[in-house]
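I opened my notebook to follow a few bonds and contacts through a protein. Here is what I looked up, entry by entry.

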Amino acid sequence: MTSAARSRARTRALTGTFAAFSLSFGMIMTSGATPANAATWPTPTRSQPVSSTISVSGTRDGGMVRYYGSGALAGDGQDEGQDPIFKLANGATLKNVVIGRPGADGIHCEGNCTLQNVWWEDVGEDAATFRGGSTYTVTGGGAKKAADKVFQHNGGGTLNISNFAVSEFKTLYRSCGDCSTQYTRKVNLNNIEVTGTGSTARLVGINVNRGDVATLRRITILNDSGRKVVPCQKYNNNTAVGTGPDSTNCKYSASDITYR
């Protein structure tokens with residue numbers, strides 16, 4: 001690559017990264033209020049097909065490249081057992097990445113992990129699956145076109161999701177209801193921008209019979225005049241048993257949800 005080409009590439013990368021951080025920056029700057037406008041999605045710097053899972057240890061900065069599945073990873077349906085685009089080792093961080101279509105099974109975190117400024121343009125089986133760790137962090141970014149779940153929590157521990165946008169989805173977070181080994185799980189949502197779909201959708205689904213706890217703060221729900229987005233769905237494993245806030249499992253109040 002020539003010097004001029006490298007310069008243009010750096011410029012495009014910076015522009016894409018700046019656009020991608022606009023949502024997080026706006027949310028941080030409005031710490032006393034929630035955002036009123038839908039997220040601005042980033043423009044990828046380029047696109048790269050992925051035919052076999054990329055393993056990540058340490059920190060990987062994707063430079064706002066769009067990664068999408070090809071070959072064995074070309075699935076974009078809800079078939080169980082698909083391989084992910086990225087597999088993160090315990091303690092790994094993946095940041096500044098766009099996952100396009102086909103999205104396969106998105107990202108697998110094999111232990112503690114951090115996803116920073118990661119965007120899913122068209123969620124495949126799931127956007128990310130968390131297992132084997134105790135603390136997982138999703139900060140910034142967004143996901144759309146999730147026919148089922150965005151985040152699947154199979155391991156134990158706590159998932160923290162902040163400064164995140166979601167639209168065209170069924171469930172943002174689900175604590176596994178039928179994993180062979182079950183845990184008490186926790187999820188914390190803070191500063192989440194939700195765009196209603198016109199049909200029933202759930203922010204979180206938790207297993208109250210397992211002692212799961214969901215805490216919701218600063219949730220903004222757009223385009224949902226019919227109140228079809230359920231903030232907290234309670235299950236006994238896979239059987240729905242109610243919705244709404246309480247002091248034990250679904251920890252939020254009416255003031256934590258803003259409708260725009």
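**Entry 1: a strand and its partners**

I started with a pairing: isoleucine 206 stands opposite lysine 234 in β15. Before going on, I noted that this is a predicted model, where local features need pLDDT of at least 70, side-chain atom pairs count only at pLDDT 80 or more, and totals for chains, interfaces and linings use all residues. I also noted that residues are numbered from 1 along each chain as its sequence is written, and that side-chain values use heavy atoms, with hydrogens and water left out.

Strands here are DSSP runs (E, at least two residues), numbered from the N terminus. Two of them pair if DSSP finds at least two bridges between them. I found that β13 and β15 pair in the parallel sense, over 6 bridges. On β11 (residues 157-175), 3 bridges lead to β13, and these two strands also run parallel. One bridge partner I wrote down was glycine 205 in β13, which goes with arginine 174.

Is β13 mostly covered or mostly open? I found that 7 of the 7 residues in β13 (residues 201-207) are buried, so I wrote "mostly covered". Buried means under 20% relative accessible area, exposed means over 50%, and partly exposed is in between (1.4 Å probe, protein chains only).

**Entry 2: the disulfides**

I reminded myself that a disulfide is a covalent bond between the sulfur atoms of two cysteines. The search counts a pair of cysteine sulfur atoms within 2.5 Å. How many disulfides does the whole structure hold? The search gave me 3.

- Cysteine 109 is joined to cysteine 113, S to S 2.0 Å. This link is right-handed, with 90° about the S-S bond, and both cysteine 109 and cysteine 113 are buried.
- Cysteine 176 is joined to cysteine 179, S to S 2.2 Å. This link is right-handed too, with 110° about the S-S bond. Cysteine 176 counts as buried because its relative accessibility is 4%, while cysteine 179, at 21%, counts as partly exposed.
- Cysteine 232 is joined to cysteine 250, S to S 2.0 Å. Cysteine 232 lies in strand β15 (residues 229-236) and cysteine 250 in strand β17 (residues 250-251), so the pair ties together parts that are 18 residues apart in sequence. The link of cysteine 232 and cysteine 250 is left-handed, with -70° about the S-S bond, and both of these cysteines are buried.

I then counted the bonded cysteines along the chain, and the pattern came out as 1-2, 3-4, 5-6.

**Entry 3: a glutamine in a loop**

Next I looked up glutamine 182, which sits in the loop between β11 and β12 (185-195). Which backbone oxygen does the side chain of glutamine 182 reach at 2.9 Å? I found that it belongs to cysteine 176, a residue I had already met in a disulfide. The backbone oxygen of glycine 177 lies 3.3 Å from a polar atom of the glutamine 182 side chain.

I also listed contacts, meaning heavy atoms within 4.5 Å. Leaving aside neighbours within four places in sequence, glutamine 182 is in contact with Cys176, Gly177, Asn207, Arg210 and Asn237.

**Entry 4: salt bridges**

Side chains of opposite charge can pair when their charged atoms come close. A salt bridge here is a side-chain nitrogen of Lys or Arg within 4 Å of a carboxyl oxygen of Asp or Glu. The structure holds 7 salt bridges, and I followed some of them.

Arginine 101 forms a salt bridge with aspartate 122, with the closest N and O atoms 3.7 Å apart. This pair links distant parts of the chain, 21 residues apart: arginine 101 is in the loop between β5 (92-99) and β6 (107-109), and aspartate 122 is in the loop between β7 (113-120) and β8 (128-130). Is arginine 101 buried or exposed? Arginine 101 is exposed because its relative accessible area is 55%, whereas aspartate 122, at 16% relative accessibility, counts as buried.

Arginine 131 and glutamate 110 meet in a salt bridge as well (3.2 Å, N to O). Both ends count as partly exposed: arginine 131 at 30% relative accessibility and glutamate 110 at 32%.

My last pair was aspartate 126 and lysine 149, whose side chains meet at 3.5 Å, N to O. Aspartate 126 and lysine 149 are both buried. I closed the page with a network of salt bridges that links Asp126, Asp148 and Lys149.

Key: Helix = DSSP H or I, 4+ residues; strand = E, 2+ residues; numbered from the N terminus. Polar contact = N/O pair within 3.5 Å; in protein donor to acceptor, adjacent residues only side chain to side chain.
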